[in-house]
Amino acid sequence: MSEPRSPVEDPKIDFIGLAKDNDAFRRVLMTGKFSQVVAMTIPVGGEIGEEVHESNDQLLVFVEGQADAILEDKPFPVVPGELVFVHAGTKHNFINTGDVPLRLMTVYAPPEHAPDTVHQTKEEADRAEAEGTDEPPQS
C-alpha cells in the first residue's frame, strides 16, 4: 500500500479510500520536505496515546468511527468529516469511544516519522520510537 510516489507524477491520493482500507495503527503514505501524510487505525477502546510534538503541527481528519479528542486536558467528541488542528507544543490524545475501529488521516508538518513506516500496532509504534528507529528524514 505504501509505494514510493513521485510528487510530480502522482501528487494525489484517495485519502478516504486509503484510510478505510488501512488496518495498521500507523502507515506513512507520503513524505515531503515540509509535511507527511499518514493513515491511522485505532482499535475499539484504543488510543493514539498522550503526546506533545514540540516542533510539529498536526492535522487529523476523521474518516470512520468516533473518538474523544483531548487537547490540553480538555475533552471533546469528534466524528467522521471533522478535522482537528493540533498546534505544535499542545498536549493531545485521541481515544476511540465507538464500537468500530477509528480511521483517520493525519498530516504532520514537518514530517514526524520515517518515510514508508508501517506499524501494525500501537505497541510496535511505541517500541520503534523508544528504540529511535522511527525518525523523520533530516532536511
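Begin by selecting Leu 71 and then look across to strand β7, where the bridge partner of Leu 71 is His 92. As you follow this tour, keep in mind that the structure on your screen is a predicted model.

**The three-stranded sheet**

Stay with strand β7 and bring strand β4 into view beside it, since β4 and β7 pair in the antiparallel sense over 5 bridges. A further pair of residues to pick out here is Asp 68 and Ile 95, because Asp 68 stands opposite Ile 95 in β7. In general, the strands of a sheet pair through backbone hydrogen bonds, and they may do so in a parallel or an antiparallel way.

Now add strand β5 to the selection, and you will have an open sheet of 3 strands in the order β5-β4-β7, with antiparallel pairing. The edges of this sheet are formed by β5 and β7, each of which has a single partner strand, so one side of each is left without a neighbour in the sheet. If you turn the view to look along the strands, you can compare their directions: on average, neighbouring strands of this sheet are turned by 20° against each other, when direction is ignored.

Is strand β7 largely enclosed or largely open? Of the 5 residues of β7, 4 are buried, so this strand is largely enclosed by the rest of the structure.

**A salt bridge between two loops**

Next, select Asp 73 and Lys 91, whose side chains meet in a salt bridge with a distance of 2.9 Å from N to O. This pair links distant parts of the chain, for Asp 73 sits in the loop between β4 (67–71) and β5 (74–78), while Lys 91 sits in the loop between β6 (83–86) and β7 (92–96), and the two are 18 residues apart. With a relative accessibility of 52%, Asp 73 counts as exposed, whereas Lys 91 is partly exposed, its relative accessible area being 22%.

**More salt bridges**

The structure holds 6 salt bridges, and another of them can be found by selecting Asp 23 and Arg 103, where the closest N and O atoms are 3.3 Å apart. Asp 23 lies in the loop between α1 (15–21) and β1 (26–31) and Arg 103 lies in strand β8 (residues 102–109), so this pair ties together parts that are 80 residues apart in sequence. Which of the two counts as buried, and which is exposed? Asp 23 is exposed, with a relative accessible area of 56%, but Arg 103 counts as buried, at 9% relative accessibility.

Move on to Arg 26 and Asp 134, whose side chains also meet in a salt bridge, at 3.7 Å from N to O. Here too the pair links distant parts of the chain, with Arg 26 in strand β1 and Asp 134 in the segment after α2 (122–131), 108 residues apart. Both ends of this salt bridge are buried, since Arg 26 has a relative accessible area of 3% and Asp 134 has a relative accessibility of 4%.

**Thr 41 and its surroundings**

Now select Thr 41, which lies in strand β2 and which, at 7% relative accessibility, counts as buried. Look for a polar atom of its side chain and you will find the backbone oxygen of Asn 22 at 2.7 Å from that atom. Leaving out residues up to four places away in sequence, Thr 41 touches several others, including Asp 23 and Arg 103, the two partners of a salt bridge you have already visited.

**Two loop residues**

Go next to Ile 48, in the loop between β2 (36–42) and β3 (57–64). Although its place is in a loop, Ile 48 is buried, with a relative accessible area of 7%. Among the residues in contact with Ile 48, apart from neighbours within four places in sequence, are Phe 25, Met 40, Leu 60, Phe 94 and Leu 104. You may also draw a line from the C-alpha atom of Ile 48 to that of Ala 125, which is 77 residues away along the chain, and find a separation of 10 Å.

Finish at Gly 98, in the loop between β7 and β8, which is buried with a relative accessible area of 14%. Gly 98 touches Val 44 and Gln 66, when residues up to four places away in sequence are not counted. As a last step, select Met 30 as well: Gly 98 and Met 30 are 68 residues apart in sequence, and their C-alpha atoms are 28 Å apart in space.

Technical notes. Residues numbered from 1 in each chain as written. Predicted model: local features only at pLDDT ≥ 70, side-chain atom pairs only at ≥ 80, totals over all residues. Heavy atoms only, no water. Salt bridge = Lys/Arg side-chain N within 4 Å of Asp/Glu carboxyl O. Buried < 20%, exposed > 50% of the residue type's maximum accessible area, 1.4 Å probe, protein only. Pairing = 2+ DSSP bridges. Contact = heavy atoms within 4.5 Å. Axes fitted to C-alpha atoms, helices over the stretch in contact; angles between N-to-C directions. Polar contact = N/O pair within 3.5 Å; in protein donor to acceptor, adjacent residues only side chain to side chain.
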